[in-house]
Amino acid sequence: MFRFKRDKNKTFRPKKGFGAGTKLNDLHKYAKATLGSGNLREAVVLPEGEDVNEWLAVNTVDFFNQVNLLFSSVMEFCTDESCPVMNAGPKYEYMWADGKTVKKPIKVSAPLYVDYLLSWVQDVLDDDSIFPSRVDVPFPKNFTNVVKTIFKRLFRVYAHIYYNHFDRIVALGEEAHINTCFKHFYYFIDEFSLVSSRELAPLQELIDSLVSRDEAKLGDDDDATASTTTTS
């Protein structure tokens, strides 16, 4: 896959897609269609009769593309000077290691961390032995663990954006958009237990707020439906 060169402290990856007519592309279309229902909690549920690994694979690619685009909207403000460490506020700092080229965790700036992260995820997604594109190629036994690592690291990008660049998001008028994207992301990782509560701690207050708003809205909708129901 073509890869953009890193321009100073700017990170971006081309959108990754699925082959036309493939099972994964069909699932991708289904996932997009279910988002239109307005109920993000239901949209992340495994479709009846579908393979869980294929569902995880499709959504992993979609969330990678989503995080990539979200970070691109703030990357001109996320520089080595403004963000010398990858963090989510003063209590949470992240160091980079991929287990292969970088085995011992190293401290890097936020834009470099995200650059390493997106490059690593893209390489994993492009590895047909991990994310097979053909139905006759099985998923590896450690597939779920790989997916968990990807989502754990993608969550850190959300955490960094919320703590360090949310003012820019508000200035761009993208507050509602990022909240919806993150809520969708959270519901998916919660549905399949992909990220530990310890990792989620930096944004737990936000998570509780977004979920409670959804629950309140669903409760209001149920009440409205009940009030218009008549019996014969």
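**Exercise 1. How are H3 and H4 oriented relative to each other, roughly parallel or roughly antiparallel?**

Solution. This is a predicted model, in which local features need pLDDT of at least 70, side-chain atom pairs count only at pLDDT 80 or more, and totals for chains, interfaces and linings use all residues. Residues are numbered from 1 along each chain as its sequence is written, and side-chain values use heavy atoms, with hydrogens and water left out.

Step 1. Identify the elements: helices (H or I, at least four residues) and strands (E, at least two) are DSSP runs, numbered from the N terminus. Helix H3 covers residues 52–72, and helix H4 covers residues 110–126.

Step 2. Take the geometry. The axes of H3 and H4 lie 11 Å apart, and the packing angle is about 155°. Axes are lines fitted to C-alpha atoms, for helices over the stretch in contact, and angles run from 0 to 180 degrees between N-to-C directions.

Step 3. Apply the classes: under 35 degrees is roughly parallel, over 145 roughly antiparallel, 65 to 115 roughly perpendicular, and the rest oblique. H3 and H4 are therefore roughly antiparallel.

Step 4. Add the handedness. H3 crosses H4 in a left-handed manner, meaning that the near helix is turned anticlockwise from the far one by less than a right angle (right-handed if clockwise).

**Exercise 2. Determine which residues form the contact of H3 with H4, and their classes.**

Solution. Step 1. Contact means heavy atoms within 4.5 Å. H3 and H4 pack at about 155°, and H3 contributes Thr60, Val61, Phe64, Asn68 and Phe71, while H4 contributes Val114, Leu118, Val121, Gln122 and Leu125.

Step 2. By class, this contact of H3 with H4 holds 7 nonpolar, 3 polar and no charged residues. Here Ala, Val, Leu, Ile, Met, Phe, Trp, Tyr, Cys and Pro count as nonpolar, Asp, Glu, Lys and Arg as charged, and the others, Gly among them, as polar.

**Exercise 3. Describe the length and burial of H4.**

Solution. Step 1. H4 has 17 residues and reaches 24 Å from its first C-alpha to its last, close to the 24 Å expected at 1.5 Å a residue. The expected span is 1.5 Å times one less than the number of residues.

Step 2. Of the 17 residues of H4, 13 are buried, and the helix is mostly covered. Buried means under 20% relative accessible area, exposed over 50%, and partly exposed in between (1.4 Å probe, protein chains only).

**Exercise 4. Analyse the packing of H5 with H7.**

Solution. Step 1. Helix H5 (residues 143–164) and helix H7 (residues 175–191) have axes that come within 12 Å and cross at roughly 150°. H5 and H7 are therefore roughly antiparallel, and their crossing is left-handed.

Step 2. The contact comprises Phe151, Leu154, Phe155, Tyr158, Ile161 and Tyr162 of H5, together with Ile178, Asn179, Cys181, Phe182, Phe185, Phe188 and Ile189 of H7. The contact of H5 with H7 divides into 12 nonpolar, 1 polar and no charged residues.

**Exercise 5. Which of Asp190, Val137 and Met75 is buried, and which are partly exposed?**

Solution. Step 1. Asp190 belongs to helix H7 and is partly exposed, at 34% relative accessible area. The C-alpha atoms of Asp190 and Val44 are separated by 9.5 Å, although their positions lie 146 residues apart along the chain.

Step 2. Val137 lies in the loop between H4 and H5 and is partly exposed, at 21% relative accessibility.

Step 3. Met75 lies in the loop between H3 and strand E1 (86–87) and is buried, at 14% relative accessibility.
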